[in-house]
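Reader: Hello! I would love a close look at the aromatic side chains here and what sits around them.

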Amino acid sequence: AVVSTQSTGNWRISKEHSNADHRYIRFNIEVITQKKTSKRMELNTDWELYSWLISNAKTIKELQDCTITSQEDLDSASRKLTVEIIKFWKIACPITYTAKKLKPPPWYTKEVAAAKNIVTKKKKKKKKKKK
């Protein structure tokens with residue numbers, strides 16, 4: 001998955017004739033593309049689902065009843081249990097896609113951010129007064 005943003009700049013009036021009573025406006029568009037990364041966030045795990053899947057897993061019930069008499073039996077049971085645990089964790093903890101923070105547009109300066117904060121605070125004050 002890909003996230004992209006655009007930045008427009010280098011605005012200018014073209015000297016090229018347009019055969020009309022106006023001139024062309026030329027500008028550059030820069031497209032910044034970033035690939036989303038995928039990961040599993042443990043905080044998003046549905047632990048109830050995970051617990052239910054583990055509790056009702058046929059393979060795990062079979063492993064509880066099996067007799068382990070050798071190192072090979074133990075290794076085999078361990079591999080089967082690991083596969084089941086990972087399989088159910090992947091179901092209960094879905095992949096989340098994240099993107100690195102995109103670069104803000106060039107017009108979003110410190111002054112614009114400060115003005116936005118002032119307006120936001122005034123809106124919140126006004127909402128509180130209405131209640």
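Reader: To begin, which residue lies over the face of Trp89, and at how many Å from the ring centre?

Author: Happy to help! This is a predicted model, in which local features need pLDDT of at least 70 and side-chain atom pairs count only at pLDDT 80 or more, while totals for chains, interfaces and linings use all residues. Residues are numbered from 1 along each chain as its sequence is written, and side-chain values use heavy atoms, with hydrogens and water left out.

The residue you ask about is Arg40, which lies over the face of Trp89 at 5.6 Å from the ring centre. A charge sits over a ring if NZ of Lys or CZ of Arg is within 6 Å of the ring centre and within 35 degrees of the ring normal. Arg26 also has its charged end over a ring, that of Tyr24, 5.1 Å from the centre.

Rings also meet rings: the structure holds 3 aromatic pairs (rings of Phe, Tyr and Trp, its six-membered ring, with centres within 6.5 Å; planes under 30 degrees apart are stacked, over 60 edge-to-face, the rest tilted). Trp47 and Tyr50 are edge-to-face, because their planes stand at 85°, with ring centres 5.6 Å apart. Both belong to helix H1 (residues 47-55), 3 residues apart, or about one turn of the helix; a helix here is a DSSP run of H or I, at least four residues, numbered from the N terminus. Tyr50 counts as buried at 16% relative accessibility (buried is under 20% relative accessible area, exposed over 50%, partly exposed in between, with a 1.4 Å probe and protein chains only).

Trp107 and Tyr108 are edge-to-face too, with centres 5.9 Å apart and planes at 80°. Of these two, Trp107 is exposed at 57%, and Tyr108 is partly exposed at 32%.

Conventions: Helices (H or I, at least four residues) and strands (E, at least two) are DSSP runs, numbered from the N terminus.
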